[in-house]
Amino acid sequence: QVQLVESGGGLAQAGQSLRLSCAASVSISNFNAMHWYRQAPGKQRELVASVTSGGMTVDAESVKGRFTISRDNAKRTIYLQIDSLNPEDTATYYCHALTRGLSAKYDRNYWGQGTLVIVSS
């Protein structure tokens, strides 16, 4: 059973920073990639950052320069460092892990329950 548990969300003021964590129940080296998504009220879920098993990271254009994804294989954890928070960052942030199969049909996707970030002006 694969479980992903996010933590680190909460209330913050604009301009402050938060560090979100996603702890996995299995070695994260098993995953081809891990991601952070967010979903704001009334909005669709949005991919904000990715890290591959090889260590390559990418950030969404909308958050580039403020969000930093990282991983600690020994701790089975990935992180999302969010700097210079603004109210538009208010959302539930979800951890996601991907294991690729022989084709997309056999890909496996795992999701955490999310951690809520609320940013006030």
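How many disulfides does the structure hold? The structure holds 1 disulfide, a disulfide being a pair of cysteine sulfur atoms within 2.5 Å. This is a predicted model, in which local features need pLDDT of at least 70 and side-chain atom pairs count only at pLDDT 80 or more, while totals for chains, interfaces and linings use all residues. Residues are numbered from 1 along each chain as its sequence is written, and side-chain values use heavy atoms, with hydrogens and water left out.

**Stop 1: the disulfide**

Select cysteine 22 and cysteine 95, whose sulfur atoms are 2.0 Å apart and form the disulfide. Cysteine 22 lies in strand S3 and cysteine 95 in strand S9, so the bond ties together parts that are 73 residues apart in sequence. Strands, like helices, are DSSP runs numbered from the N terminus (E, at least two residues, for strands; H or I, at least four, for helices). A disulfide is a covalent bond between the sulfur atoms of two cysteines. Set a dihedral about the S-S bond: the torsion is about -75°, so the disulfide is left-handed.

Is cysteine 22 buried or exposed? Cysteine 22 counts as buried, at 0% relative accessibility; buried means under 20% relative accessible area, exposed over 50%, and partly exposed in between, with a 1.4 Å probe and protein chains only. Cysteine 95 is likewise buried, at 0%.

Keep cysteine 22 selected; its strand, S3, covers residues 18–24. Show its contacts (heavy atoms within 4.5 Å). Leaving aside residues up to four places away in sequence, cysteine 22 touches Leu4, Val5, Glu6, Met34, Trp36, Arg76, Thr77, Ile78 and Cys95. For a distance check, asparagine 86 is 64 residues from cysteine 22 in sequence and 22 Å away in space, C-alpha to C-alpha.

**Stop 2: the nonpolar core**

Next, select Leu4, Met34, Trp36, Ile78, Leu80 and Tyr93. Of the 28 residues in the largest nonpolar core, these touch the most other members. A nonpolar core is a set of buried Ala, Val, Leu, Ile, Met, Phe, Trp, Tyr and Cys residues joined through side-chain atoms within 4.5 Å. Two or more residues of this core come from each of S3, S4, strand S5 (46–52), S7, S8, S9 and S11.

Centre on leucine 80. Residues up to four places away in sequence aside, leucine 80 touches Leu18, Arg19, Leu20, Trp36, Val48, Ala49, Phe67, Thr68, Ile69 and Tyr93.

**Stop 3: the salt bridges**

How many salt bridges does a search of the whole structure find? The search finds 4, a salt bridge being a side-chain nitrogen of Lys or Arg within 4 Å of a carboxyl oxygen of Asp or Glu.

Select arginine 38 and aspartate 89, whose side chains meet in a salt bridge at 2.9 Å, N to O. Arginine 38 lies in strand S4 (residues 33–39) and aspartate 89 in the loop between strand S8 (77–82) and strand S9 (91–99), so the pair ties together parts that are 51 residues apart in sequence. Arginine 38 is buried, at a relative accessible area of 9%, and aspartate 89 is buried at 1%.

Add arginine 66, which also forms a salt bridge with aspartate 89, with the closest N and O atoms 2.7 Å apart. Arginine 66 sits in the loop between strand S6 (57–59) and strand S7 (67–72), 23 residues from aspartate 89. Arginine 66 is buried too. Add Glu46 to complete the view: salt bridges that share partners join Arg38, Glu46, Arg66 and Asp89 into one network.

Then move to arginine 100 and aspartate 107, a salt bridge with its closest N and O atoms 3.6 Å apart. Arginine 100 counts as exposed, at 55% relative accessibility.

**Stop 4: positive phi values**

Most residues other than glycine have a negative phi, and most peptide bonds are trans. Select arginine 76, where phi is near 55°. Arginine 76 is in the loop between S7 and S8 and is partly exposed, at 37%. Serine 84 has a phi near 50°, also positive in a residue other than glycine. Serine 84 is in the loop between S8 and S9, and is partly exposed with a relative accessible area of 43%.

**Stop 5: a surface patch**

Finally, select Leu11, Leu116 and Ile118, which form a nonpolar patch on the surface with about 300 Å² of accessible area together. Patches are made of residues with over 30% relative accessible area and no salt bridge, with like charges joined within 9 Å and nonpolar side chains (Val, Leu, Ile, Met, Phe, Trp, Tyr) within 5 Å. Accessible areas come from the Shrake-Rupley method with a 1.4 Å probe, and for residues only the protein chains shown count as cover. Leucine 116 lies in strand S11 (residues 115–120) and is partly exposed, at 45% relative accessibility.
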